[in-house]
Amino acid sequence: MAQMNHWDVHDVTKDDEEAGLVSRMSHQIFHHRDILKRPYSGPRDTRFLNPKDGRPTKLVVQCSDEVLANRSGADWSRTTTVNKGPWMFRLAHWATADGQSSVFWWLPACAVLTIVLLSPFPVTTKSRNNGFYESVPYKDWQYPYDARNRHENPPYHGVPSRPLIGQIERVSEPAYLCLADGMRRINVQEWRKANGNDVALEYVMVSYTGEQFVTDNDKYSLNAIGQRAAKTANVKAYWLSCSCLGPVSEQEENVWRISDVIQGAFEVVIAVAGPVGVKERGELPVELLNQWGDRLWTLPELLLSPERDIQIYTLNRSLDPSQQLDQCLDTSPDRINRRNFSRFCQDDSIVGQLIAHYEGSVILSRLELIATALKCLERRHTTEYLPGDPSYSLMGLLRQRPNARKDDSGFQAFARLSLANDSDLLLERLICLLPPKPDAPWYSFQDHWDA
């Protein structure tokens, strides 16, 4: 018999007929193998999973005399209606049934019922399972997608259980930095071995979007901006994602720790680039900031930045290429307070709530924080690296950070993140919502009933 998980079918053979599996009038024999690999073979009929043993059992229906007499065209069995009511009701019904409605039967039945009702003995039957439905012993015995208990995970290269999915450990400082003196990248651990752990190594983080900085010349301009920002802040180093993620073998690991880099920075500055008209003093490059604020990975950089004014360095693409960097570095950067930055985002009201939460003025609950942040991040644009990018961006705002998995779908990434953090059953609530449209995405927080 072929390996099957559900139903399979083939034409009837002579061996099947001789084995008594099907009559000669039938045309097909059906096979079923349940989750415990127990096979069943038989003709086409209506069956249900028996709650006692999980096997497919032929359906038997209690029916009236008219239906019982008409057996044509049905593949389920019939039986007479069996009275399963309490014996008091059965006695009352028997006394008034057809042919027994005389006083001779009615008076004794009333006497017995009166005695029973006046007696101190209970007349109700004991409920089974405390009145709840019986449990169905039909379970999924496959390995879970991601188990908290490592022994419940599938075997991994012959080892009884694969390594723990684990958490991304937090770091107190970046693995690599660029020194403002000479724009030279250093390994922070090696630098500390040479200079000692008691020497302060503060740094400035430069935030930008890859949509505005693409070429190698742009990379040099970003390093020059980082150098200028570090010297202005009177710190030794700066951090840039295009220069400080380290060798290729370490880059993916360091990407998931960028939130730690932001929190450890002395300050965060923003670099924007694009055509800018003639600017008056104090005028901000609004369109470029709107583009920066609409990106997926820049929002956590704004929320986790230190509570101080954010400096904005603008590379004016409308100038001659040879003058763009000089003009950017020679001009004092614009400044804007973090709490006022939400006006450069399309969803300014939601971003404003998140900024107020991280500044401590309006604290969101665990449920509100994850729901609000996810709603905000799902609207933003990015060049997809993994299907779970929005959840991994959200991960930087939470305490528990499970390791990223490349085979995660968007929902699986969010499910693992939600289960790892105490999110007040957000995942369970999200699953229970009925979206207004059947094809709505999984992260939709709208409910058909406005729940």
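**Strand 10, the cysteines and the helix packing**

Ser207 is found in strand 10, which spans residues 203–207. The model described here is a predicted one. With a relative accessible area of 1%, Ser207 is buried. Its surroundings are easy to list: apart from neighbours within four places in sequence, Ser207 is in contact with Val268, Val269, Ile270, Ala271, Trp292, Thr298 and Glu301.

A look at the whole protein helps to place this residue. The protein has 16 helices and 14 strands. Of its 451 residues, 40% are buried. Among contacts with a separation of 6 or more, 56% link residues that are 24 or more positions apart.

The cysteines come next. A disulfide is a covalent bond between the sulfur atoms of two cysteines. The structure holds zero disulfides. For Cys178, the closest cysteine sulfur belongs to Cys244 and lies 3.5 Å away, which is too far for a bond, because a disulfide requires the two sulfur atoms to be within 2.5 Å. Cys242 is likewise in no disulfide, and the nearest cysteine sulfur, again that of Cys244, is 7.6 Å away. In terms of accessibility, Cys178 is buried, at a relative accessible area of 2%, whereas Cys242 is partly exposed, at 28%.

Further along the chain, attention turns to a pair of helices. Helix 12 covers residues 348–359 and helix 13 covers residues 366–378; the two pack with their axes 10 Å apart, at an angle of about 135°. Helix 12 and helix 13 are therefore oblique to each other, and helix 12 passes helix 13 in a left-handed crossing. On the helix 12 side, the residues that take part are Ile350, Val351, Gln353, Leu354, His357 and Tyr358, and they meet Leu369, Thr372, Ala373, Lys375 and Cys376 of helix 13. Sorted by class, this contact has seven nonpolar, three polar and one charged residues.

Helix 13 also takes part in the packing of helix 15. Helix 15 runs over residues 410–420, and its buried residues are Gly410, Ala413, Phe414, Ala415, Arg416, Leu417 and Ser418. These buried residues pack against helix 13, helix 14 (389–395) and helix 16 (426–432). Helix 13 thus appears in both descriptions, as a partner of helix 12 and as one of the helices packed against by helix 15.

Conventions. Residues are numbered from 1 along each chain as its sequence is written. This is a predicted model: local features need pLDDT of at least 70, side-chain atom pairs count only at pLDDT 80 or more; totals for chains, interfaces and linings use all residues. Side-chain values use heavy atoms; hydrogens and water are left out. Buried means under 20% relative accessible area, exposed over 50%, partly exposed in between (1.4 Å probe, protein chains only). Axes are lines fitted to C-alpha atoms, for helices over the stretch in contact, and angles run from 0 to 180 degrees between N-to-C directions. Helices (H or I, at least four residues) and strands (E, at least two) are DSSP runs, numbered from the N terminus. Angles under 35 degrees count as roughly parallel, over 145 as roughly antiparallel, 65 to 115 as roughly perpendicular and the rest as oblique. A crossing is left-handed if the near helix is turned anticlockwise from the far one by less than a right angle, and right-handed if clockwise. Contact means heavy atoms within 4.5 Å. Ala, Val, Leu, Ile, Met, Phe, Trp, Tyr, Cys and Pro count as nonpolar, Asp, Glu, Lys and Arg as charged, and the others, Gly among them, as polar.
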